[in-house]
Amino acid sequence: LEKRAIELNELSIEELKKTGWGISDINIALAEAKGILPPPRPLPGPGELLKESFLEYRKKYKFFLTILILPLLINIIPLLVFSFFFSYVGQKLSFGSHKNYAFADAILNQSTTLIIGFSIWIILALIVNVVSQAAILYTVTHPDEELTVVSAYKKSFSYIWSLCWVGFISGFLMVGGMFLFVVTGILFWVWFAFATLILFDENIKGSKALLKSKSYVQKYFWPVFGRMLFMILISLIVGIGAQIIMGTIDLSLSLAGIPKEIIAAIGQVVSSIINFLLGPLWLIYWYTLYKHVKNTQGENTIHKQNLSKIVIVAIVGWLVLASLVGLGIFASIKFSQNQYSSKSIDILAIQTPLTLYFTDNGKYPANLFELTPKYINELPKPFSNPEMFRYEPSADGQTYGLCIIENGKELECINRK
């Protein structure tokens, strides 16, 4: 193929070489122009990739954990503090004394401070997680570079905005594609799988990183998809195993009388630790797969396409999502209106028996159950459960108030004098 390429246009090839093209890229370009596509070289199997990744992870796991210790603490410590706080508040409010009502009022008065504190924690955790993710990505994509924790963070700073932008674009395209057709979303997911790695490894930013990823993956779509699916399945198996273990621990703690808020916090802490331990391994696996795909094609792989058609598809998907959300809101409003209307009909249905009872007895009944079966065969559904209505006749039985209650709220009320 190389001989044929040189015979076709030796002058053009020399010019392309001067501009930085590799001979493999020139060969591919000329082959595509002639309709000849060289068969893709095979990639290592998923097991081989995982083994290679684990060996690399084992060399540097202490370094990775040192980088991740700050975000781990930022995530765990406030979580524990809030869990213990809410557990304490729950215990204080579980008794009906006036002292505890005063305590509840004090907590409500400090609700703004609590909300501000919680919001600050969320923002700080988000920033720290993004910065640490950038440091880990830089470390993974520069395996031969001698780094310290400080230098890894420093060198990753210049990539942070580009990382956020590439993440936003790829997320927008994948989610939009997913809501249009699931297959489209999966296609975009595989195409753009290497965009973040290309940003850190080749310093190609924005949409160009996505296009470069797509050009790498095109000839290896199914092999890449299979190896990514393998990684997801391994993650699921690890997650299910962790859930089983945590379920057993939760049951033991619950039987020991530990508050559920504390148990939930412990579960979150264990989950966070597992994610922080395995996160770098999955990133190395991802980078190892990318490295093998890249090495089969060279760095100057052609990406003549643009994202315009893909963006249009994603926008249509987001419009579908917006339409579904709008329909859901409309249906919810209609359902609430129908529920309200049905409650009005139920109240009207009970008014006539109450009037007949008053005519015969000169007063309203002490409770609605006195109406059956003489004045009404069966009470309407809301009035068959004492928790679903409030009926309050006056002491002399000459007036009454009647309300239908749902989720602690009065939906429909009438008062008769």
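**Figure 1. E145 and K155 pair up in this predicted model.** Start with E145, which counts as partly exposed at 24% relative accessibility. Its partner in a salt bridge is K155, with the closest N and O atoms 2.3 Å apart. E145 sits in the loop between helix 6 (111–141) and helix 7 (149–157), while K155 belongs to helix 7, so the pair ties together parts that are 10 residues apart in sequence. K155 is partly exposed too, its relative accessible area being 36%. The structure holds 6 salt bridges, and further ones appear in the views below.

**Figure 2. A salt bridge joins K294 to D201.** Here the side chains meet at 2.7 Å, N to O. K294 is part of helix 13 and D201 of helix 10, so this pair ties together parts that are 93 residues apart in sequence. How covered is each partner, K294 and D201? K294 counts as buried, at 10% relative accessibility, whereas D201 is partly exposed at 24%.

**Figure 3. Helix 10 is mostly covered, and E202 in it bonds to K212.** Of the 8 residues in helix 10 (residues 195–202), 7 are buried. They are A195, T196, L197, I198, L199, F200 and E202. E202 forms a salt bridge with K212, and their closest N and O atoms are 2.8 Å apart. Since E202 lies in helix 10 and K212 in helix 11 (residues 206–217), the pair ties together parts that are 10 residues apart in sequence. E202 counts as buried at 16% relative accessibility, and K212 counts as buried at 3%. Just after helix 10 comes N203, whose phi is positive, near 55 degrees.

**Figure 4. K60 belongs to a network of salt bridges.** The network links K60 with E56 and K59. K60 is found in helix 4 (residues 46–92). Is this lysine buried or exposed? K60 is buried, with a relative accessible area of 19%, which falls under the 20% cut-off. Leaving out residues up to four places away in sequence, K60 touches T139, H142 and P143.

**Figure 5. The largest nonpolar core has 63 residues.** Which of its residues touch the most other members? They are L173, F194 and V224. Helix 13 (residues 260–295) gives the most to this core, with 12 residues. Look around V224 and you will find contacts with L43, V190, F194, L289 and V293, its neighbours within four places in sequence aside. Apart from this core lies another, of 13 residues, among them Y375, L379, F389 and L402. As background, nonpolar side chains in soluble globular proteins tend to be buried together.

**Figure 6. Seven side chains make a nonpolar patch on the surface: V175, M178, F179, V182, W318, L324 and L327.** Together they have about 620 Å² of accessible area. Helix 8 (160–180) and helix 14 (308–361) each supply at least two residues of the patch. V182, for its part, lies in helix 9 (residues 182–191).

**Figure 7. The protein chain that frames these close-ups has 14 helices and 3 strands.** Of its 417 residues, 37% are buried. Among contacts with a separation of 6 or more, 68% involve residues 24 or more positions apart. The chain exposes about 24500 Å², and carbon and sulfur atoms supply 66% of it.

Technical notes: Residues are numbered from 1 along each chain as its sequence is written. This is a predicted model: local features need pLDDT of at least 70, side-chain atom pairs count only at pLDDT 80 or more; totals for chains, interfaces and linings use all residues. Side-chain values use heavy atoms; hydrogens and water are left out. Helices (H or I, at least four residues) and strands (E, at least two) are DSSP runs, numbered from the N terminus. Buried means under 20% relative accessible area, exposed over 50%, partly exposed in between (1.4 Å probe, protein chains only). Contact means heavy atoms within 4.5 Å. A nonpolar core is a set of buried Ala, Val, Leu, Ile, Met, Phe, Trp, Tyr and Cys residues joined through side-chain atoms within 4.5 Å. Patches are made of residues with over 30% relative accessible area and no salt bridge: like charges are joined within 9 Å, nonpolar side chains (Val, Leu, Ile, Met, Phe, Trp, Tyr) within 5 Å. Accessible areas come from the Shrake-Rupley method with a 1.4 Å probe; for residues, only the protein chains shown count as cover. A salt bridge is a side-chain nitrogen of Lys or Arg within 4 Å of a carboxyl oxygen of Asp or Glu.
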